[in-house]
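Here is a walk through one protein chain for someone meeting it today. Have a look at the sequence and the fold, then read on.

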Amino acid sequence: MSHFWSSSGLDLHLDLQATAKRRSGLESALRAAIQDGRLPAGTLLPSTRGLARDLGLSRGTVTAAYNQLVEEGFLATRPGSGFTVTELPSRASVTTASPSASPRIRHDLRPGLPDVSAFPTGAWLAATRRVLTGARPEIFAAGDPQGRIELRRALAGYLGRTRGVVATPDRIVITSGYHQGVTLLSGVLAGRGITSAALEDPGHNVYRQAIQRGGLATVPLPVDQQGARVDTVPPGAGAVFLTPSHQYPTGVPLHPSRRQTVCAWARSTGGVVIEDDYDGEYRYDRRPIGALQGIAPDHVVYCGTASKTLGPALRLAWMVLPPHLVPDLVRAKQDADLFTETLNQLVLAELISGYAYDRHIRAARLRYRRRRMLLLDRVAACPGITVHGVPAGLHSLLTLPTMGPTEAELLDRCTEQGLGIRGLTELHHNPDDRPQGLLVGFAAASERAYPAALDALFTVLVSAYT
Ligand SMILES: Cc1ncc(COP(=O)(O)O)c(C=O)c1O
């Protein structure tokens, strides 16, 4: 027999055995709910009077059952504050010990993450208040698979102004992160008969897998000092995925002549170029170079994300598509999950329209430029280590002296020091015999924590190579 109590504002489905005695039945049901985690530590139970009324028991029966569970250590009580569920040692160890738990990161130098401790909470709260104050009820109803028009309008203006993207709201589709966008787009391209795509080598392995899951075979496109070798796209490839502003992970920008080459390839073959502008806002020596999409808007899909400017928790990204791809992508998005959550889209639109987004990025750019300089100063004092890429983005690639520990050994030593950092090898399509290196993210740590993170890294590097 199941009961649902709702007194004290707390709802719980409780399995009471019809055959059990009333008091022992209630005790067993509560014990089971605590043990299987339905009643987590800290939960305040309903008052004895309220629960007795809901379950049709006497108040004395409920009080006796509660007291029994206090005796057994499942509940705690203090005069005047009711009964709460305790943290049992056995339960604590079950929830914290997971076989796949990654080692704790004390010093966060992971590439690709912004400093989320600088999230613009005040501006976000103010924008949320503006969105919700006097909001029409329809914003709480089912959303648009293409994305809220307010956000698409705001992005069209912002991307044109800051990145030179040719964007109109009807060309934009909002997705739950680039990860979802790239998966859906790969499915759409596969549905149009494209079987394989050329991807930068090295490149981000997570997105390579997403593209493969979307239905495309991937072929490697080598990367040199001028970016991806777009002159080597194999004849069968119908799409090319690039990070032209700041190649991930080497950091080189795509050379202007190669930008022209890949656009000419798309025009002449009908192929599609996908531009992942994941950190295009961050260039420290001069203004960011404009998006590739601006050269050939009918052949390039421009992809941007809030993951590097605000934080990956939002899962908000956008694609600016050639018009002929929009209906298929919107259909794929609808089939995948109907639409991206609406309220944060509206808040981001408000943030962009009121220029708080620009202000936040400008402040972050100043902080990250300083941090990158600190990193370079430390590298300069460590002979044999070389930094690659232009001053841009949220990470730098360091290549290692040939004599000394391997990348894997170095990563082990970093882990021992509690350093969160990434190796280069796993980003190669074929990791055997490829250059080794470390990707150092200079944005992820908070301002206060960053110097200590650098100290920890260079303690490892200096002891390895001197
Ligand atoms: C190369 C690259 N592209 C795109 C993204 C953005 O991904 P998402 O929007 O799914 O968080 C990232 C984030 O780590 C990235 O490293």
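A residue counts as buried if 20 or more other C-beta atoms, placed from the backbone, lie within 10 Å of its own, as exposed if 12 or fewer do, and as partly exposed in between. What you see is a predicted model, where local features need pLDDT of at least 70, side-chain atom pairs count only at pLDDT 80 or more, and totals for chains, interfaces and linings use all residues. Residues are numbered from 1 along each chain as its sequence is written. Helices (H or I, at least four residues) and strands (E, at least two) are DSSP runs, numbered from the N terminus.

**A spot on the outside**

Let's begin with Tyr-355, in the loop that links helix 11 (342–353) and helix 12 (356–380). Because Tyr-355 has 12 other C-beta atoms within 10 Å, it is exposed. Its C-alpha atom sits 9.3 Å from that of Tyr-158, although 197 residues separate the two along the chain.

**The first helix**

Back at the start of the chain, helix 1 (residues 22–35) has 14 residues. It reaches 20 Å from first C-alpha to last, close to the 20 Å expected at 1.5 Å a residue (the expected span is 1.5 Å times one less than the number of residues). Its buried residues include Gly-25, Leu-26, Ala-29 and Leu-30. An α-helix has 3.6 residues a turn, so residues three or four places apart point the same way. After helix 1 comes Gly-37, with a positive phi near 90°.

**The open sheet and the cores**

Two strands pair if DSSP finds at least two bridges between them. By that rule, 8 strands form an open sheet with mixed pairing, in the order 6-13-12-11-10-7-8-9. At its edges are strand 6 (172–175) and strand 9 (227–228), each of which pairs on one side only. Inside the sheet, strand 7 (residues 196–201) and strand 10 (residues 237–242) run parallel, joined by 4 bridges. Ala-198 has Val-240 of strand 10 as its bridge partner.

Val-240 turns up again in the largest nonpolar core, a group of 71 residues. Such a core is a set of buried Ala, Val, Leu, Ile, Met, Phe, Trp, Tyr and Cys residues joined through C-beta atoms within 7 Å. Along with Val-240, the residues with the most contacts inside that core are Leu-155, Ala-239 and Met-319. What does Val-240 touch, leaving aside its neighbours within four places in sequence? Among its contacts (C-beta atoms, placed from the backbone, within 7 Å) are Ala-197, Leu-221, Val-262 and Val-273. A second, separate core of 31 residues includes Tyr-368, Leu-427, Val-440 and Ala-453.

**Strand 15 and its partners**

Is strand 15 (residues 395–399) largely enclosed or open? It is largely enclosed by the rest of the structure, because 4 of its 5 residues are buried. Strand 14 (residues 386–388) runs antiparallel to strand 15, with 3 bridges between them, and Val-387 stands opposite Leu-398. The hairpin of these two strands has 6 residues between them, and there Gly-389 takes a positive phi near 95°. Strand 15 also pairs with strand 18 (residues 437–441), in the antiparallel sense over 5 bridges. Leu-398 has Leu-438 as its bridge partner in strand 18.

**Around the ligand**

The ligand is surrounded by 13 residues, each with its C-beta atom, placed from the backbone, within 6 Å of it. Gly-177, Tyr-178, Tyr-278, Thr-305 and Ser-307 are the closest. Helix 7 (residues 177–191) gives the largest share of this shell, 3 residues. The shell divides into 5 nonpolar, 7 polar and 1 charged; Ala, Val, Leu, Ile, Met, Phe, Trp, Tyr, Cys and Pro count as nonpolar, Asp, Glu, Lys and Arg as charged, and the others, Gly among them, as polar.

**Unusual backbone angles**

Most residues other than glycine have a negative phi, and most peptide bonds are trans. Here are some places to check against that.

| Place | Backbone feature | Value |
|---|---|---|
| Asp-201 and Pro-202 | cis peptide bond | omega about 10° |
| Tyr-248 and Pro-249 | cis peptide bond | omega about 15° |
| Arg-315 | positive phi | near 50° |
| Leu-338 | positive phi | near 70° |

Pro-202 lies in the loop between strand 7 and helix 8 (205–214), and Pro-249 in the loop between strand 10 and helix 9 (256–269). Arg-315 is partly exposed, because 18 other C-beta atoms lie within 10 Å. Leu-338 has 11 within 10 Å, so it is exposed.

Definitions and conventions
Contact = placed C-beta atoms within 7 Å.
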